[in-house]
Amino acid sequence: MTPTLLRLSTVCLAIALSGSIGWAEEAAKAPAAEINTVCPISGKPADPKVTVVYEGKTYAFADEASRTKFNEARENSLYHKLGGQAAISAVVDAFYVKVLADVRIKHHFADINMAKQGNRQKAFLSAAFGGPVAWTGKDMRKAHIDLKLTEADFNAVAENLVKTLQDFKVKQELIDQVVAIAMSVKNDVLNKPKDAK
Ligand code: HEM
């Protein structure tokens, strides 16, 4: 993470902690004292003595090899490079400030509970960026099908996301990776055939 993003995310961590704690809780699901019994890497029974604490949550693994694989995946993830939970939370909050001020698309969010929406977007993007918690919410096609969104709607959302990341001084190389992930769900969001260009 760039020093600027680190600074911004530290400042925003306070905001994130006060406003978005629900997301972290929602994402982690299990109470803090409980740890997983199935290894998230191998699918075998987890050994409660082989653990990693990542962003305050403890993960148990079947063996040392699985633990190493988990650590490598965390370090190499776009999630981690962007600054993890605190940075992504701050980016999504700033992104929705832009979206709600954007006359091209704000009407889509008029009746939406934005606190919930923010938490879901944080959870979705975190998982898509390789974060430690899988997305368990709606499939993107189902989530957007009733909205009848257009190419212009999608482009406006993508533009707001890129501008937000630029405000946070995220490196272009990482912004490109975020855009690629956004593009990978475009046909679902717009309810087009999977292979539509
Ligand atoms: C990269 C593109 C997009 C991503 C990753 C994305 C992600 C999401 C996610 C994770 C949810 C919550 C799903 C759930 O409830 O489990 C959601 C809902 C929603 N999205 Fe998107 N979205 C995208 C594009 C758009 C666009 C272009 C618009 C409109 C301009 C939009 C408007 C909405 C609205 C209004 C909801 C709430 C639907 C409801 O609660 O009934 N999204 N989106």
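Here is a short conversation about the ligand shell, two helix crossings and one loop residue in a predicted model.

Student: Which element gives the largest share of the shell around the ligand?

Tutor: Happy to start there. The ligand has 20 residues around it, and Phe124, Gly137, Lys138, Ala143 and Ala182 come nearest. Two or more residues each come from helix 6 (114–128), helix 7 (140–144) and helix 8 (151–167). The largest share is four residues, and they come from helix 6.

Student: How many residues of that shell are nonpolar?

Tutor: Let's sort the shell by class. Three of its residues are charged and five are polar. The nonpolar residues number twelve.

Student: Are helix 5 and helix 8 parallel or oblique?

Tutor: Good one to work through. The axes of helix 5 (residues 84–101) and helix 8 come within 9 Å, crossing at roughly 130°. Angles from 65 to 115 degrees count as roughly perpendicular and those over 145 as roughly antiparallel, so this crossing makes helix 5 and helix 8 oblique.

Student: Which residues of helix 5 meet helix 8?

Tutor: Helix 5 passes helix 8 in a right-handed crossing. By class, their contact has seven nonpolar, two polar and three charged residues. On the helix 8 side are Val157, Asn160, Leu161, Lys163, Thr164, Leu165 and Asp167. Facing them from helix 5 are Val91, Ala94, Phe95, Lys98 and Val99.

Student: What is the handedness of the crossing of helix 5 and helix 6?

Tutor: Here the axes come within 10 Å and cross at roughly 135°. Helix 5 and helix 6 are therefore oblique to each other. Their crossing is right-handed.

Student: How many charged residues are in the contact of helix 5 with helix 6?

Tutor: From helix 5 come Gln85, Ile88, Ser89, Val92, Asp93 and Tyr96, which meet Met114, Gly118, Gln121, Lys122, Leu125 and Ser126 in helix 6. By class, this contact has five nonpolar and five polar residues. The charged ones number two.

Student: Is Ile41 exposed or only partly exposed?

Tutor: Ile41 lies in the loop between helix 2 (21–28) and strand 1 (47–54). Within 10 Å there are 18 other C-beta atoms, whereas buried would take 20 or more and exposed 12 or fewer. Because the count falls in between, Ile41 is partly exposed.

Student: How far apart in space are Ile41 and Phe61?

Tutor: Leaving aside neighbours within four places in sequence, Ile41 is in contact with Phe61, Ser66, Lys69 and Phe70. Ile41 and Phe61 are 20 residues apart in sequence. In space, C-alpha to C-alpha, the distance between them is 7.3 Å.

Key: Residues are numbered from 1 along each chain as its sequence is written. This is a predicted model: local features need pLDDT of at least 70, side-chain atom pairs count only at pLDDT 80 or more; totals for chains, interfaces and linings use all residues. A residue is near a molecule or strand if its C-beta atom, placed from the backbone, lies within 6 Å of it. Ala, Val, Leu, Ile, Met, Phe, Trp, Tyr, Cys and Pro count as nonpolar, Asp, Glu, Lys and Arg as charged, and the others, Gly among them, as polar. Axes are lines fitted to C-alpha atoms, for helices over the stretch in contact, and angles run from 0 to 180 degrees between N-to-C directions. Angles under 35 degrees count as roughly parallel, over 145 as roughly antiparallel, 65 to 115 as roughly perpendicular and the rest as oblique. A crossing is left-handed if the near helix is turned anticlockwise from the far one by less than a right angle, and right-handed if clockwise. Two residues are in contact if their C-beta atoms, placed from the backbone, lie within 7 Å.
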